[in-house]
Amino acid sequence: MKNPWWKEAVFYQIYPRSFCDTSGNGIGDLEGIRSKLDYLHWLGVDALWISPFFSSPMRDYGYDVSDYCGVDPLFGNGDSFRQLINDAHARGLRIIIDWVPNHSSDQHPWFIDARKDRNSRCRGWYVWRDGSPDQPPNNWRAAFSDRPAWTWDAHSQQWYLHLFLAEQPDLNWSNPELVAEMMDTLRYWLDLGVDGFRMDVIHCIGKDPALPDVPQAVAKIPYCALNDHESTHQHLQSIRSLLESYPGDRVMVGEVFLLNARQVAAYYGQDDELQMCFNFLPLFTSWDAVAWRERIDEVNTLFLQQGHWPTWALSNHDQPRHRTRYGGSEHRARAAAFLLLALPGTPFLYAGEELGLEDAEVPIDARVDPGGRDGCRAPIPWSAEPPYGWKQHDNWLPWPPDRGERNPEVQQASDTSILQLYRSLLAARRNHASLRSGSFEWMPSSKGILFWKRELAGDFCYLAINFSDQPQRLQYEGALRVELSSQRTNEGFGESPGMLAPDEALLLIPKKD
Ligand code: GLC
(Lines give C-alpha, C1' and ligand atoms only; values in the text may rest on other atoms or scores of the structure.)
Protein backbone atom coordinates (compact mmCIF):
# COMPACT_ATOMS: atom_id res chain seq x y z
CA MET A 1 0.00 0.00 0.00
CA LYS A 2 1.25 3.48 -0.84
CA ASN A 3 2.25 5.66 2.11
CA PRO A 4 0.20 8.78 2.76
CA TRP A 5 2.15 11.82 1.48
CA TRP A 6 3.05 13.13 4.95
CA LYS A 7 5.02 10.00 5.82
CA GLU A 8 7.46 10.64 3.00
CA ALA A 9 7.46 14.43 3.13
CA VAL A 10 9.96 16.87 4.59
CA PHE A 11 8.20 19.83 6.23
CA TYR A 12 9.60 23.36 6.44
CA GLN A 13 8.34 25.61 9.23
CA ILE A 14 7.83 29.28 8.42
CA TYR A 15 7.40 31.87 11.15
CA PRO A 16 5.69 34.47 8.95
CA ARG A 17 6.84 37.61 10.81
CA SER A 18 10.47 36.66 10.21
CA PHE A 19 10.44 35.14 6.74
CA CYS A 20 10.16 37.85 4.10
CA ASP A 21 8.62 41.33 4.12
CA THR A 22 7.07 42.73 0.95
CA SER A 23 5.03 45.57 2.46
CA GLY A 24 7.98 47.41 4.01
CA ASN A 25 6.78 47.46 7.61
CA GLY A 26 9.67 45.35 8.92
CA ILE A 27 7.41 42.31 9.43
CA GLY A 28 7.22 39.36 7.05
CA ASP A 29 3.95 38.64 5.25
CA LEU A 30 2.07 36.05 3.17
CA GLU A 31 3.12 37.70 -0.08
CA GLY A 32 6.70 37.33 1.15
CA ILE A 33 6.19 33.60 1.58
CA ARG A 34 4.68 33.41 -1.90
CA SER A 35 7.70 35.22 -3.34
CA LYS A 36 9.98 32.48 -1.96
CA LEU A 37 8.09 29.44 -3.22
CA ASP A 38 10.57 28.95 -6.06
CA TYR A 39 13.42 28.92 -3.54
CA LEU A 40 11.61 26.32 -1.40
CA HIS A 41 10.86 24.22 -4.45
CA TRP A 42 14.53 24.45 -5.50
CA LEU A 43 15.60 23.43 -2.00
CA GLY A 44 13.44 20.33 -2.29
CA VAL A 45 11.09 20.40 0.71
CA ASP A 46 7.62 18.94 0.25
CA ALA A 47 5.36 20.83 2.64
CA LEU A 48 5.23 24.09 4.58
CA TRP A 49 3.96 24.59 8.11
CA ILE A 50 3.02 28.23 8.47
CA SER A 51 2.86 29.57 12.04
CA PRO A 52 -0.18 31.80 12.85
CA PHE A 53 -1.10 34.63 10.48
CA PHE A 54 -4.61 35.07 11.92
CA SER A 55 -6.14 38.26 13.33
CA SER A 56 -4.42 38.88 16.62
CA PRO A 57 -3.44 41.62 19.08
CA MET A 58 0.02 39.92 18.91
CA ARG A 59 0.62 39.62 22.63
CA ASP A 60 2.03 36.17 21.82
CA TYR A 61 2.78 37.05 18.18
CA GLY A 62 -0.25 35.37 16.70
CA TYR A 63 -0.71 32.52 19.18
CA ASP A 64 -3.39 34.78 20.68
CA VAL A 65 -6.08 34.57 18.01
CA SER A 66 -8.96 37.05 17.83
CA ASP A 67 -10.52 35.59 14.65
CA TYR A 68 -9.77 31.97 13.75
CA CYS A 69 -10.82 32.49 10.13
CA GLY A 70 -9.38 35.95 9.53
CA VAL A 71 -5.96 36.95 8.19
CA ASP A 72 -4.33 39.74 10.19
CA PRO A 73 -3.82 42.79 7.96
CA LEU A 74 -0.14 42.77 8.97
CA PHE A 75 0.25 39.60 6.89
CA GLY A 76 -2.20 40.24 4.04
CA ASN A 77 -5.79 39.16 3.56
CA GLY A 78 -7.90 36.16 2.57
CA ASP A 79 -6.93 36.62 -1.07
CA SER A 80 -3.22 36.62 -0.28
CA PHE A 81 -3.68 33.29 1.49
CA ARG A 82 -5.70 31.83 -1.39
CA GLN A 83 -3.01 32.89 -3.86
CA LEU A 84 -0.32 31.45 -1.66
CA ILE A 85 -2.02 28.09 -1.43
CA ASN A 86 -2.72 27.98 -5.18
CA ASP A 87 0.85 28.85 -6.08
CA ALA A 88 2.26 26.38 -3.56
CA HIS A 89 0.03 23.59 -4.85
CA ALA A 90 1.01 24.44 -8.43
CA ARG A 91 4.62 23.63 -7.42
CA GLY A 92 3.64 20.43 -5.64
CA LEU A 93 4.18 22.01 -2.19
CA ARG A 94 1.57 21.25 0.48
CA ILE A 95 0.58 23.67 3.20
CA ILE A 96 -0.39 23.01 6.78
CA ILE A 97 -1.33 25.87 9.08
CA ASP A 98 -1.26 26.38 12.81
CA TRP A 99 -4.48 25.91 14.76
CA VAL A 100 -4.59 27.26 18.31
CA PRO A 101 -7.49 25.50 20.03
CA ASN A 102 -6.47 25.69 23.69
CA HIS A 103 -6.95 29.42 24.10
CA SER A 104 -8.10 32.48 22.21
CA SER A 105 -7.07 36.10 22.59
CA ASP A 106 -8.85 38.08 25.31
CA GLN A 107 -9.84 40.36 22.39
CA HIS A 108 -11.73 37.55 20.63
CA PRO A 109 -15.43 38.52 20.41
CA TRP A 110 -16.21 35.29 22.31
CA PHE A 111 -14.18 36.39 25.33
CA ILE A 112 -15.39 39.98 25.13
CA ASP A 113 -18.92 38.54 25.33
CA ALA A 114 -18.00 36.00 28.02
CA ARG A 115 -16.62 38.74 30.20
CA LYS A 116 -19.78 40.86 30.09
CA ASP A 117 -21.56 38.92 32.80
CA ARG A 118 -22.11 35.46 34.17
CA ASN A 119 -25.12 34.82 31.93
CA SER A 120 -23.71 36.00 28.61
CA ARG A 121 -23.89 33.66 25.60
CA CYS A 122 -20.20 32.74 25.52
CA ARG A 123 -19.58 32.69 29.28
CA GLY A 124 -19.33 28.89 29.37
CA TRP A 125 -16.91 28.81 26.43
CA TYR A 126 -14.12 29.73 28.87
CA VAL A 127 -13.16 28.29 32.26
CA TRP A 128 -14.49 30.31 35.22
CA ARG A 129 -14.36 29.56 38.93
CA ASP A 130 -15.66 31.20 42.09
CA GLY A 131 -13.31 32.09 44.89
CA SER A 132 -11.93 34.96 46.80
CA PRO A 133 -9.76 37.49 44.96
CA ASP A 134 -6.65 36.56 46.93
CA GLN A 135 -6.86 32.77 46.49
CA PRO A 136 -6.66 31.27 42.96
CA PRO A 137 -8.80 28.11 42.52
CA ASN A 138 -5.74 25.81 42.33
CA ASN A 139 -1.93 25.82 42.20
CA TRP A 140 -1.50 25.61 38.40
CA ARG A 141 1.23 27.87 36.97
CA ALA A 142 0.98 29.90 33.76
CA ALA A 143 3.75 29.71 31.15
CA PHE A 144 6.12 32.68 30.61
CA SER A 145 5.91 33.79 34.24
CA ASP A 146 6.04 32.40 37.72
CA ARG A 147 2.42 33.38 38.20
CA PRO A 148 -0.82 31.48 38.74
CA ALA A 149 -2.70 30.30 35.66
CA TRP A 150 -5.70 32.31 36.89
CA THR A 151 -6.74 35.95 36.64
CA TRP A 152 -9.42 37.53 38.80
CA ASP A 153 -12.17 39.25 36.84
CA ALA A 154 -13.32 42.01 39.20
CA HIS A 155 -16.37 42.83 37.09
CA SER A 156 -17.97 39.38 37.34
CA GLN A 157 -16.22 38.40 40.57
CA GLN A 158 -14.79 35.13 39.22
CA TRP A 159 -11.39 33.73 38.20
CA TYR A 160 -10.68 32.68 34.61
CA LEU A 161 -8.07 30.12 33.57
CA HIS A 162 -5.15 30.83 31.23
CA LEU A 163 -2.27 28.38 30.86
CA PHE A 164 -0.32 31.09 29.02
CA LEU A 165 -0.71 34.90 29.24
CA ALA A 166 -3.70 36.49 30.96
CA GLU A 167 -4.49 37.77 27.44
CA GLN A 168 -4.86 34.12 26.30
CA PRO A 169 -7.89 32.76 28.22
CA ASP A 170 -8.32 28.97 27.93
CA LEU A 171 -11.28 27.74 25.91
CA ASN A 172 -13.62 25.31 27.62
CA TRP A 173 -13.64 22.10 25.55
CA SER A 174 -16.26 20.52 27.78
CA ASN A 175 -18.77 22.99 26.32
CA PRO A 176 -20.40 21.45 23.20
CA GLU A 177 -21.20 24.83 21.62
CA LEU A 178 -17.56 25.85 21.82
CA VAL A 179 -16.49 22.52 20.35
CA ALA A 180 -18.89 22.97 17.43
CA GLU A 181 -17.52 26.47 16.77
CA MET A 182 -13.95 25.21 16.80
CA MET A 183 -14.80 22.37 14.42
CA ASP A 184 -16.23 24.99 12.06
CA THR A 185 -12.92 26.84 12.06
CA LEU A 186 -11.24 23.63 10.88
CA ARG A 187 -13.87 23.20 8.14
CA TYR A 188 -13.25 26.77 7.00
CA TRP A 189 -9.57 26.13 6.26
CA LEU A 190 -10.11 22.60 4.96
CA ASP A 191 -12.62 23.99 2.47
CA LEU A 192 -10.01 26.53 1.41
CA GLY A 193 -7.69 23.65 0.58
CA VAL A 194 -5.13 23.46 3.39
CA ASP A 195 -3.46 20.05 3.61
CA GLY A 196 -3.65 19.92 7.37
CA PHE A 197 -2.83 21.52 10.69
CA ARG A 198 -0.12 21.85 13.28
CA MET A 199 -2.11 21.84 16.49
CA ASP A 200 -0.83 24.12 19.20
CA VAL A 201 -0.50 22.57 22.71
CA ILE A 202 -3.18 20.10 21.70
CA HIS A 203 -2.69 17.93 24.80
CA CYS A 204 -4.08 20.80 26.86
CA ILE A 205 -7.59 21.10 25.42
CA GLY A 206 -9.18 18.50 27.71
CA LYS A 207 -8.89 19.22 31.41
CA ASP A 208 -9.87 17.44 34.56
CA PRO A 209 -13.19 19.13 35.46
CA ALA A 210 -12.27 18.91 39.14
CA LEU A 211 -9.22 21.13 38.43
CA PRO A 212 -7.15 19.35 41.09
CA ASP A 213 -3.93 20.82 42.50
CA VAL A 214 -0.73 19.34 41.09
CA PRO A 215 1.69 17.73 43.60
CA GLN A 216 3.95 20.25 45.29
CA ALA A 217 7.06 18.71 43.67
CA VAL A 218 5.94 19.87 40.20
CA ALA A 219 4.04 22.99 41.21
CA LYS A 220 6.72 25.26 39.71
CA ILE A 221 6.41 23.65 36.26
CA PRO A 222 4.01 25.49 33.94
CA TYR A 223 0.81 23.49 33.91
CA CYS A 224 0.83 23.34 30.07
CA ALA A 225 3.73 20.87 30.38
CA LEU A 226 1.74 18.64 32.77
CA ASN A 227 -1.87 18.52 31.63
CA ASP A 228 -2.74 15.06 30.25
CA HIS A 229 -6.45 14.35 30.56
CA GLU A 230 -8.40 11.52 28.88
CA SER A 231 -11.08 13.84 27.47
CA THR A 232 -8.57 15.23 24.94
CA HIS A 233 -8.51 11.81 23.25
CA GLN A 234 -12.24 11.90 22.45
CA HIS A 235 -11.88 15.37 20.97
CA LEU A 236 -8.98 14.20 18.84
CA GLN A 237 -11.05 11.28 17.55
CA SER A 238 -13.78 13.68 16.40
CA ILE A 239 -11.24 15.97 14.79
CA ARG A 240 -9.62 13.00 13.04
CA SER A 241 -13.02 11.94 11.66
CA LEU A 242 -13.58 15.45 10.37
CA LEU A 243 -10.20 15.46 8.59
CA GLU A 244 -10.93 12.03 7.13
CA SER A 245 -14.25 13.22 5.73
CA TYR A 246 -12.18 15.37 3.33
CA PRO A 247 -10.32 13.94 0.33
CA GLY A 248 -6.53 14.05 0.03
CA ASP A 249 -5.09 12.67 3.27
CA ARG A 250 -5.40 15.82 5.37
CA VAL A 251 -3.03 15.57 8.27
CA MET A 252 -2.63 16.88 11.80
CA VAL A 253 0.61 17.04 13.72
CA GLY A 254 0.20 17.87 17.35
CA GLU A 255 2.37 19.84 19.69
CA VAL A 256 2.20 17.50 22.68
CA PHE A 257 4.49 19.30 25.05
CA LEU A 258 4.97 16.49 27.58
CA LEU A 259 8.55 15.52 28.28
CA ASN A 260 7.77 11.83 28.49
CA ALA A 261 7.74 9.87 25.22
CA ARG A 262 5.28 7.27 26.53
CA GLN A 263 2.73 9.96 27.33
CA VAL A 264 3.29 11.60 23.94
CA ALA A 265 2.77 8.28 22.12
CA ALA A 266 -0.73 7.96 23.62
CA TYR A 267 -1.88 10.88 21.46
CA TYR A 268 -1.69 8.71 18.34
CA GLY A 269 -4.59 6.74 19.82
CA GLN A 270 -5.45 3.54 17.95
CA ASP A 271 -4.49 5.30 14.72
CA ASP A 272 -7.63 7.39 15.27
CA GLU A 273 -6.14 10.53 16.86
CA LEU A 274 -3.10 12.58 15.77
CA GLN A 275 -1.30 11.13 12.72
CA MET A 276 1.93 12.64 14.05
CA CYS A 277 3.13 14.18 17.31
CA PHE A 278 6.10 16.40 17.96
CA ASN A 279 8.43 14.74 20.41
CA PHE A 280 10.47 17.34 22.27
CA LEU A 281 12.99 15.10 24.00
CA PRO A 282 15.33 14.88 20.97
CA LEU A 283 15.10 18.64 20.58
CA PHE A 284 16.42 19.01 24.13
CA THR A 285 19.22 16.45 23.61
CA SER A 286 22.81 17.65 23.50
CA TRP A 287 25.37 16.79 20.79
CA ASP A 288 26.34 13.43 22.25
CA ALA A 289 26.27 9.94 20.72
CA VAL A 290 25.12 8.13 23.87
CA ALA A 291 22.29 10.60 24.54
CA TRP A 292 21.11 10.47 20.93
CA ARG A 293 21.23 6.68 20.81
CA GLU A 294 18.97 6.58 23.84
CA ARG A 295 16.49 9.02 22.22
CA ILE A 296 16.43 7.07 18.96
CA ASP A 297 15.94 3.74 20.78
CA GLU A 298 13.07 5.27 22.73
CA VAL A 299 11.39 6.43 19.53
CA ASN A 300 11.87 2.99 17.98
CA THR A 301 10.29 1.23 20.92
CA LEU A 302 7.50 3.62 21.87
CA PHE A 303 6.55 4.97 18.45
CA LEU A 304 7.72 2.97 15.42
CA GLN A 305 7.21 -0.50 16.87
CA GLN A 306 3.72 0.51 17.99
CA GLY A 307 2.81 1.73 14.50
CA HIS A 308 3.08 5.44 15.42
CA TRP A 309 4.89 7.47 12.78
CA PRO A 310 7.57 9.66 14.48
CA THR A 311 8.59 13.23 13.71
CA TRP A 312 12.04 14.79 14.06
CA ALA A 313 12.74 18.48 14.66
CA LEU A 314 15.91 20.10 15.95
CA SER A 315 14.69 23.70 15.98
CA ASN A 316 11.49 25.73 16.04
CA HIS A 317 10.23 29.21 16.91
CA ASP A 318 10.17 28.48 20.67
CA GLN A 319 13.70 27.22 21.35
CA PRO A 320 17.25 28.41 20.66
CA ARG A 321 18.33 27.19 17.22
CA HIS A 322 20.22 23.88 17.31
CA ARG A 323 23.38 25.35 15.80
CA THR A 324 23.47 27.74 18.76
CA ARG A 325 22.68 24.95 21.24
CA TYR A 326 25.40 22.74 19.78
CA GLY A 327 28.02 25.44 20.32
CA GLY A 328 27.86 27.33 17.02
CA SER A 329 30.10 24.98 15.01
CA GLU A 330 29.49 24.75 11.27
CA HIS A 331 30.65 21.11 11.24
CA ARG A 332 28.02 20.16 13.79
CA ALA A 333 25.30 22.12 12.00
CA ARG A 334 26.16 20.16 8.84
CA ALA A 335 26.27 16.78 10.57
CA ALA A 336 22.97 17.57 12.31
CA ALA A 337 21.31 17.77 8.89
CA PHE A 338 22.12 14.05 8.38
CA LEU A 339 20.65 13.23 11.77
CA LEU A 340 17.44 15.13 11.06
CA LEU A 341 16.93 13.82 7.52
CA ALA A 342 17.93 10.16 7.77
CA LEU A 343 16.05 8.71 10.75
CA PRO A 344 12.73 6.88 10.28
CA GLY A 345 9.92 9.44 10.53
CA THR A 346 8.97 12.83 9.14
CA PRO A 347 11.52 15.64 9.51
CA PHE A 348 10.57 19.25 10.23
CA LEU A 349 13.10 21.92 9.26
CA TYR A 350 12.86 25.36 10.80
CA ALA A 351 13.35 28.16 8.25
CA GLY A 352 16.96 29.32 8.21
CA GLU A 353 18.55 26.15 9.52
CA GLU A 354 19.40 25.26 5.92
CA LEU A 355 21.51 28.45 5.92
CA GLY A 356 23.26 27.45 9.12
CA LEU A 357 21.68 30.34 11.03
CA GLU A 358 22.28 30.85 14.71
CA ASP A 359 20.15 32.86 17.12
CA ALA A 360 20.43 36.61 16.99
CA GLU A 361 21.76 38.30 20.08
CA VAL A 362 18.87 40.47 21.09
CA PRO A 363 19.69 43.22 23.61
CA ILE A 364 17.31 43.34 26.55
CA ASP A 365 15.65 46.56 25.42
CA ALA A 366 15.00 45.09 21.95
CA ARG A 367 13.29 41.94 23.29
CA VAL A 368 9.62 41.78 22.53
CA ASP A 369 8.53 38.23 23.37
CA PRO A 370 7.01 37.51 26.78
CA GLY A 371 8.73 34.11 26.73
CA GLY A 372 12.17 35.49 25.74
CA ARG A 373 12.24 33.54 22.48
CA ASP A 374 13.39 36.45 20.30
CA GLY A 375 16.79 35.06 19.25
CA CYS A 376 15.48 32.19 17.12
CA ARG A 377 12.89 34.47 15.48
CA ALA A 378 15.39 36.87 13.87
CA PRO A 379 14.58 37.81 10.25
CA ILE A 380 15.88 35.49 7.50
CA PRO A 381 18.59 37.23 5.45
CA TRP A 382 17.99 36.67 1.72
CA SER A 383 20.93 38.47 0.12
CA ALA A 384 24.51 39.46 0.91
CA GLU A 385 24.18 43.23 1.37
CA PRO A 386 22.08 45.23 3.83
CA PRO A 387 19.11 45.20 4.11
CA TYR A 388 19.56 41.53 3.09
CA GLY A 389 16.57 41.32 0.81
CA TRP A 390 14.26 43.09 3.28
CA LYS A 391 12.85 46.56 2.63
CA GLN A 392 14.62 48.31 5.45
CA HIS A 393 17.43 47.69 7.89
CA ASP A 394 15.44 47.90 11.13
CA ASN A 395 12.91 45.12 11.27
CA TRP A 396 10.86 43.79 14.14
CA LEU A 397 13.92 41.96 15.47
CA PRO A 398 17.68 42.37 14.87
CA TRP A 399 19.65 40.26 12.35
CA PRO A 400 21.26 36.90 13.12
CA PRO A 401 25.09 36.65 13.07
CA ASP A 402 27.05 36.32 9.79
CA ARG A 403 24.05 37.31 7.69
CA GLY A 404 26.42 38.45 4.89
CA GLU A 405 27.36 34.79 4.30
CA ARG A 406 24.40 32.87 5.71
CA ASN A 407 21.90 33.80 3.03
CA PRO A 408 20.59 32.12 -0.12
CA GLU A 409 22.27 34.57 -2.51
CA VAL A 410 25.77 33.65 -1.34
CA GLN A 411 25.07 30.01 -0.58
CA GLN A 412 23.26 29.14 -3.80
CA ALA A 413 26.39 30.29 -5.65
CA SER A 414 28.72 28.03 -3.64
CA ASP A 415 28.88 24.26 -4.19
CA THR A 416 30.12 23.62 -0.66
CA SER A 417 27.61 25.68 1.34
CA ILE A 418 25.43 24.17 4.04
CA LEU A 419 22.45 25.16 1.91
CA GLN A 420 23.72 22.98 -0.96
CA LEU A 421 24.30 20.17 1.55
CA TYR A 422 20.67 20.33 2.73
CA ARG A 423 19.58 20.34 -0.91
CA SER A 424 21.74 17.29 -1.67
CA LEU A 425 20.35 15.45 1.35
CA LEU A 426 16.79 16.26 0.33
CA ALA A 427 17.60 14.98 -3.17
CA ALA A 428 19.10 11.80 -1.64
CA ARG A 429 15.81 11.24 0.19
CA ARG A 430 13.98 11.43 -3.12
CA ASN A 431 16.41 8.99 -4.76
CA HIS A 432 16.45 6.46 -1.92
CA ALA A 433 13.15 4.96 -0.82
CA SER A 434 15.02 3.42 2.12
CA LEU A 435 15.78 6.89 3.52
CA ARG A 436 12.11 7.86 3.40
CA SER A 437 10.46 4.74 4.68
CA GLY A 438 12.99 1.96 5.10
CA SER A 439 13.63 -0.17 8.15
CA PHE A 440 16.13 0.96 10.77
CA GLU A 441 18.99 -1.08 12.22
CA TRP A 442 22.01 -0.12 14.33
CA MET A 443 25.41 -1.17 12.97
CA PRO A 444 28.30 -1.92 15.33
CA SER A 445 30.45 1.16 15.88
CA SER A 446 33.04 2.56 18.25
CA LYS A 447 32.33 5.03 21.02
CA GLY A 448 31.33 8.50 19.86
CA ILE A 449 29.87 7.26 16.55
CA LEU A 450 26.30 6.43 15.60
CA PHE A 451 26.11 4.12 12.61
CA TRP A 452 22.82 2.81 11.22
CA LYS A 453 21.33 1.12 8.20
CA ARG A 454 18.09 1.86 6.38
CA GLU A 455 16.67 -0.69 3.95
CA LEU A 456 13.68 -0.97 1.70
CA ALA A 457 13.12 -3.49 -1.07
CA GLY A 458 16.77 -3.81 -2.06
CA ASP A 459 17.61 -0.13 -1.54
CA PHE A 460 20.21 0.35 1.24
CA CYS A 461 21.55 3.48 2.93
CA TYR A 462 24.10 3.63 5.76
CA LEU A 463 24.50 6.67 7.95
CA ALA A 464 27.50 7.39 10.14
CA ILE A 465 27.87 10.40 12.45
CA ASN A 466 30.94 11.12 14.53
CA PHE A 467 29.73 13.12 17.54
CA SER A 468 33.20 13.27 19.05
CA ASP A 469 36.00 15.79 18.65
CA GLN A 470 38.46 13.05 17.60
CA PRO A 471 38.87 11.32 14.21
CA GLN A 472 37.26 7.86 14.41
CA ARG A 473 37.60 4.71 12.34
CA LEU A 474 34.43 3.34 10.83
CA GLN A 475 34.36 -0.47 10.59
CA TYR A 476 31.97 -2.29 8.33
CA GLU A 477 31.74 -5.39 6.24
CA GLY A 478 31.06 -5.34 2.53
CA ALA A 479 31.83 -2.59 0.08
CA LEU A 480 30.30 0.81 0.65
CA ARG A 481 31.00 4.12 -0.96
CA VAL A 482 30.42 7.67 0.24
CA GLU A 483 27.43 9.23 -1.44
CA LEU A 484 27.51 12.39 0.66
CA SER A 485 29.78 13.76 3.36
CA SER A 486 29.06 16.69 5.64
CA GLN A 487 32.64 17.93 5.24
CA ARG A 488 34.39 16.50 2.19
CA THR A 489 33.78 17.81 -1.30
CA ASN A 490 33.10 15.41 -4.14
CA GLU A 491 36.73 15.39 -5.24
CA GLY A 492 37.74 14.20 -1.78
CA PHE A 493 35.57 11.06 -1.84
CA GLY A 494 37.59 7.91 -1.52
CA GLU A 495 36.40 4.38 -2.26
CA SER A 496 36.51 3.45 1.38
CA PRO A 497 35.62 6.05 4.01
CA GLY A 498 37.89 4.57 6.67
CA MET A 499 38.22 7.57 8.93
CA LEU A 500 35.50 9.96 10.05
CA ALA A 501 36.69 13.47 10.89
CA PRO A 502 35.47 15.07 14.16
CA ASP A 503 31.77 15.99 13.81
CA GLU A 504 31.64 14.43 10.35
CA ALA A 505 28.57 12.66 8.98
CA LEU A 506 28.44 10.33 5.97
CA LEU A 507 25.75 8.84 3.82
CA LEU A 508 27.10 5.57 2.39
CA ILE A 509 25.60 3.22 -0.15
CA PRO A 510 26.65 -0.24 -1.35
CA LYS A 511 29.29 -0.15 -4.07
CA LYS A 512 28.11 -1.61 -7.37
CA ASP A 513 30.69 -3.82 -9.01
C1 GLC B 1 2.94 26.83 21.65
C2 GLC B 1 3.59 27.72 20.62
C3 GLC B 1 4.17 28.92 21.30
C4 GLC B 1 3.05 29.65 22.00
C5 GLC B 1 2.28 28.74 22.95
C6 GLC B 1 0.98 29.36 23.37
O7 GLC B 1 3.85 26.30 22.53
O8 GLC B 1 4.53 27.00 19.89
O9 GLC B 1 4.85 29.77 20.42
O10 GLC B 1 3.57 30.74 22.72
O11 GLC B 1 1.94 27.53 22.33
O12 GLC B 1 0.10 29.41 22.29
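Two strands are taken to pair when DSSP finds at least two bridges between them. With that in mind, let us walk through this predicted model, beginning with a small sheet, moving on to an enclosed strand and ending at the ligand.

**A three-stranded sheet**

Three strands form an open sheet in the order S6-S8-S7, and their pairing is antiparallel. Strand S6 (128-129) and strand S7 (150-153) are the edge strands, each with a single partner strand, so one side of each has no neighbour in the sheet. If you follow S7 to its partner, you will find four bridges linking it in antiparallel fashion to strand S8 (residues 158-161). One residue pair to look for here is Asp153, whose bridge partner in S8 is Gln158.

**Strand S13 and its partners**

Which way do the residues of S13 point? Thr346, Phe348 and Tyr350 point one way, while Pro347 and Leu349 point the other way, and all are buried. Strand S13 (residues 346-350) is largely enclosed by the rest of the structure, because five of its five residues are buried.

Two parallel pairings involve this strand. Strand S1 (residues 11-14) runs parallel to S13 and is joined to it by three bridges; in this pairing, Tyr12 stands opposite Leu349. Strand S12 (residues 311-313) also pairs with S13 in the parallel sense, over three bridges, and here Thr311 is found opposite Thr346.

**Around the ligand**

Now for the ligand. There are 14 residues around it, and those that come nearest are Asp60, His103, Asp200, Glu255 and Asp318. By character, the shell divides into seven charged, three polar and four nonpolar residues. Three side chains with an N or O atom at a short listed distance from a ligand oxygen atom are given here.

| Side chain | Distance from its N or O atom to an oxygen atom of the ligand |
|---|---|
| Arg198 | 3.1 Å |
| Asp200 | 2.8 Å |
| Arg373 | 2.9 Å |

How much of the ligand does the protein bury? Taken alone, the ligand exposes 310 Å², and the protein buries 96% of that area. Asp200 is a good residue to display when you look at this site: it is among the residues that come nearest to the ligand, and a polar atom of its side chain lies 2.8 Å from a ligand oxygen atom.

Terms used: Residues numbered from 1 in each chain as written. Predicted model: local features only at pLDDT ≥ 70, side-chain atom pairs only at ≥ 80, totals over all residues. Heavy atoms only, no water. Near = heavy atom within 4 Å. Polar contact = N/O pair within 3.5 Å; in protein donor to acceptor, adjacent residues only side chain to side chain. Areas by Shrake-Rupley, 256 points an atom, 1.4 Å probe, with all protein chains shown as cover. Nonpolar A, V, L, I, M, F, W, Y, C, P; charged D, E, K, R; others polar. Buried < 20%, exposed > 50% of the residue type's maximum accessible area, 1.4 Å probe, protein only.
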